[in-house]
Amino acid sequence: MMKLFRSSIFAGIAIGTAGFGFLAAGLQTAYGSLAGAVLFSFGLLTVVGYKLKLYTGTAGFISRTEVGDLFLILLGNIAGCLCVSILARVSPLEIQTAAQKVLQLRLDTGALKCGLLAIGCGFIMTTAVNFARKGQYLPLLFGVPLFIVCGFPHCVADAFYFLCVPFTFIKAHFLSVMGLYLCIVLGNLVGCNLYRIVLSKDQY
């Protein structure tokens, strides 16, 4: 359990670092969204390279008896994001402002719509990881920028963004943020297992 949790924390640190780069690129370049989306690939490459436990990289491959592990993995991922969010709070870059814009966009979109959009992210993530495990990294390199450009929420990346937002904003919208985040987590879970839902066993 401790080994699993430690791996999950490190995966959260990797995704948090990628999220930091995504927000920073949006501040510093004219093409911040696309540049940041490409830079974000570093996070998943790190997860795959070190064989870390990431919620969206694991949810599509577990059995029913391992659902408890999935909750622990998400908890560890969030803890890792929390570590990186401390750096965002001391950075001279306006990371908190950029993160608040992401959260505000999610809130404006609504929990249900974000949950549905999160299905797209889960599908892309499981596909990218499945190919990467076979040594084929192009789906990963294209998939990560794809889900970001499409605006599909990723529950671990969003955990980092939400943890970077000024405390006063979170306090004012706490219940809405919690409901929003739960929908994103569930949407990612459905998307990660979409191939199991749609395809027959002999196909996958």
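**Core and pockets of a predicted model**

Let me begin with one residue, Leu23, which, once its neighbours within four places in sequence are set aside, is in contact with Ile95, Ala98, Ala99, Val102, Phe160 and Tyr161. Please keep in mind that this is a predicted model.

Leu23 also belongs to the largest nonpolar core, a set of 61 residues in which Leu23, Phe40, Leu44, Phe147, Phe160 and Tyr161 touch the most other members. Helix H1, residues 2-28, supplies the largest share of this core, namely nine residues. As general background, nonpolar side chains in soluble globular proteins tend to be buried together.

From the core I turn to the pockets. The largest pocket has a volume of about 430 Å³, and, of the 23 residues lining it, those closest to its centre are Phe22, Leu23, Ser33, Val102 and Ile148. Two or more lining residues come from each of H1, helix H2 (32-39), helix H6 (95-109), helix H8 (138-149) and helix H9 (155-164), and H6 gives the most, with six residues. By type, the lining of this largest pocket divides into 13 nonpolar, six polar and four charged residues.

The second largest pocket has a volume of about 280 Å³, and Ala159, Phe162, Leu163, Ile170 and Met178 are the closest to its centre among the 14 residues that line it. The lining of this second largest pocket comprises twelve nonpolar residues, one polar and one charged.

Finally, a detail of the backbone: Lys51, which sits in the loop between helix H3 (41-50) and helix H4 (55-58), has a phi near 55°, a positive value in a residue other than glycine. Lys51 is exposed, with a relative accessible area of 72%.

Methods: Residues are numbered from 1 along each chain as its sequence is written. This is a predicted model: local features need pLDDT of at least 70, side-chain atom pairs count only at pLDDT 80 or more; totals for chains, interfaces and linings use all residues. Side-chain values use heavy atoms; hydrogens and water are left out. A nonpolar core is a set of buried Ala, Val, Leu, Ile, Met, Phe, Trp, Tyr and Cys residues joined through side-chain atoms within 4.5 Å. Buried means under 20% relative accessible area, exposed over 50%, partly exposed in between (1.4 Å probe, protein chains only). Helices (H or I, at least four residues) and strands (E, at least two) are DSSP runs, numbered from the N terminus. Contact means heavy atoms within 4.5 Å. On a 1 Å grid over the protein atoms alone, a cavity is a set of points where a 1.4 Å probe fits but cannot get out, and a pocket is an open set with protein on both sides within 12 Å along at least five of seven lines; lining residues have an atom within 4 Å of a point. Grid points are joined across faces, edges and corners, and a volume is the space filled by probe spheres set on the points. Ala, Val, Leu, Ile, Met, Phe, Trp, Tyr, Cys and Pro count as nonpolar, Asp, Glu, Lys and Arg as charged, and the others, Gly among them, as polar.
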